[in-house]
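Got your viewer ready? Let's take a walk through this structure, one selection at a time.

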Amino acid sequence: MKNKKPSIARLLLLLFLFVLSIDAKTLKQTNVKDTLDSQDELASENSLELFELLFAEAKNFYVEALIGNHNQDTTEVKYCLDRTIEIIAEISKLDSMTILQREDFRRFYERLNSDFNNEFAWVNGDDGSYLATQVKEGLSASLADTIDLGGDDKLIILEDKEGSLPLVTSPKIERIINYYAKTQKNNFQEWLNNANYYEETVRPILEKENLPQELFYLALIESGFKTSAYSHAHAAGPWQFIASTGAYYGLKRTWWVDERRDVVKASIAAAQYLSDLHDYFDDWYLAMAAYNCGKLNVLRAIRREGTRDFWKLKTLPKETRNYIPSFMAGLNIVRDPEKYGFEKPNETKWEFDEVLLQGSYELESLAKMCGTTAQVLKDYNPELRRWVTPPDAEEYILRVPKSKGPALAARIKEIPAGQQMVQEFVNHRVRSGQNLNYIAKKYGTSVSAIVSANNIRNINQLKIGQTLKIPSSTYYTAQYIDNKSTSGTHLVKKGETLYDIATRYGVSLNDLRSVNNLYGKRFIYPGQKLYIPGLAAKPENTKTETGEKGQKIVHVVQRGETLSQIADKYAVSLSKVRYWNNIYGTKFIYPGQKVTIYQ
């Protein structure tokens, strides 16, 4: 018995150690699980945080746009709206959003589009960035919700040539024609002019892919051939590519460029995409439907309904059911515009020279070299998101108005090395405890600018030791803001705000921020020297008071115009326009106001 006691004791000890090891293992697994759960929660919270930061910025800029619109400060409005749309584009690329976030985002975007029909109607008239979407929405609201080939909605083939799409009509298509010809006559006339303007450039691209020639007019319905067009689905450019599809077909979207807006590059991508869709469906109507709503939606409708006839597919999205009838309505109109009350499109064509640039240049400098304006260069190169050519490209092909190329190419060679544009980025190394909001405030920029410049999709991408590129606010500055050499100065006093200073000198907050590179900064400090646009000394050797120098011209201000645009129009300096009209202390100009120009 004495020999057995140690064995029992040892057995009990081993059993105790075994149970203890199980408890320890269970506890360890529980701790690991808890850690993983907390990491998941942290990742979710981080994703929520990035959305909230960007969304707050978008709303803030939009409120600033509303205030600027109330004060008739067109420069401020355009700047703030552009920033709002840029941030919306960044939000749409986030890795994840909750259901509530998506709903908040949707409501905000709907409000934005609604206000473009009302508060900011003049912006639509100015550049048409969002007008195509609104026309399509109005069309959708005014038409029946289904395609019905029975009853009185018969499909009639008007023309069917080999190698071309059949030209058809129906009562529904006639109603769409009537909508374009009456409700949207002015807009559709502009679209016709735009189509004619780009036709000689785009048609050869489509022909190279052996596409039916009628598909050229698909961009007419997509965007009205507006390079600045932007949709609810965050599709951009004349062919309305979303970011992912555009990237698949080689269209880059970076801090510097958005190639979806480039007419040539986007047309090449669209031709390849349409060709691929036709290879898949072997039917141009189904290919066009897939171009509009995606391949999977078309496949699902075909499987549900057991037919490959587009005109019989009733479960496609409503917009797609109206898409091809709208396209056919457009084809009927372009066949004979005058029949439907339209004028023949103007004969102006998009003609340009191309200049190879090595290095990066500001558009303002390039414009002066070739005798045009920075805005004209932006119009010829709509892919540029900033007022500079991309610093991250060794070479860049810049389009300039026809006959301006040789002069620019010659003058570029005269620029000494080192006098090209310097990339205005600051490198920041992320330290423990820092987040995007902290870093943005530190450098006086915005979270959305850092997100865009570094292609951040999830806040978890931010790591200790990571190097971030912090963009200068200069890239957001409007090209026509007066520079510091033509500005007076103000020393900030204790308790003063930017708004107080802007009000005192009768300048807009946007101009004050722009000339001092203050975008994104939340504060100024006593003793800081600020440049005040428009307080420069009077231009030398000008006798404009008596009209002794040049011809006197009286310009009547149109809605949406700025003093800078008027100065550019008459090829005079902004400071002279201010001096001639004694409007240094005026906060804004207004439609109908008479401005005197001497040439």
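Start by selecting Lys172, Ile173, Ile176, Ile177 and Tyr180 in helix α6, and show their side chains; these residues are in contact with helix α13. On the α13 side, add Arg321, Asn322, Pro325, Ser326, Met328, Ala329, Asn332 and Ile333, which meet them. Colour this contact by class and you will find eight nonpolar, three polar and two charged residues. Keep in mind as you look that this is a predicted model.

Now widen the selection to the whole of both helices: residues 171–183 for α6 and residues 318–335 for α13. Their axes lie 9 Å apart, and the helices pack at an angle of about 65 degrees. Angles of 65 to 115 degrees count as roughly perpendicular, and α6 and α13 are therefore described that way. Turn the view until one helix lies in front of the other: the crossing of α6 and α13 is right-handed.

Next stop: helix α12, residues 295–305. Which of its residues are buried? Select Val298, Leu299, Ala301 and Ile302 to see them. Look down the axis of α12 and these buried residues fall within an arc of 160 degrees, so they line one face of the helix. To see part of what covers them, bring in α10 (263–281) and α11 (284–293), both included in that cover. Then swing round to the other side of α12, where Leu296, Arg303 and Arg304 are exposed. Before you leave, step on to Gly306, which follows α12 and has a positive phi, near 70 degrees.

That backbone angle leads to the next selection. Most residues other than glycine have a negative phi. With that in mind, go to the loop between α8 (218–223) and α9 (243–248) and pick out Phe225. Phe225 is not a glycine, yet its phi is positive, about 55 degrees. Is Phe225 buried or exposed? Phe225 is buried, with a relative accessible area of 3%.

Stay in the loop between α8 and α9 and select Gln240. Gln240 also has a positive phi of about 55 degrees although it is not a glycine. Its side chain is worth displaying too: Gln240 is buried, with a relative accessible area of 11%.

Finally, zoom out and show everything as a cartoon. The protein has 22 helices and ten strands. Colour by burial, and buried residues make up 51% of the 599 residues. For a last display, draw the contacts between residues at least 6 apart in sequence: 68% of them join residues at least 24 apart.

Terms used. Residues numbered from 1 in each chain as written. Predicted model: local features only at pLDDT ≥ 70, side-chain atom pairs only at ≥ 80, totals over all residues. Heavy atoms only, no water. Axes fitted to C-alpha atoms, helices over the stretch in contact; angles between N-to-C directions. Helix = DSSP H or I, 4+ residues; strand = E, 2+ residues; numbered from the N terminus. Parallel < 35°, antiparallel > 145°, perpendicular 65-115°, else oblique. Left-handed = near helix turned anticlockwise from the far one by under 90°. Contact = heavy atoms within 4.5 Å. Nonpolar A, V, L, I, M, F, W, Y, C, P; charged D, E, K, R; others polar. Buried < 20%, exposed > 50% of the residue type's maximum accessible area, 1.4 Å probe, protein only. Arc of directions from axis to C-beta.
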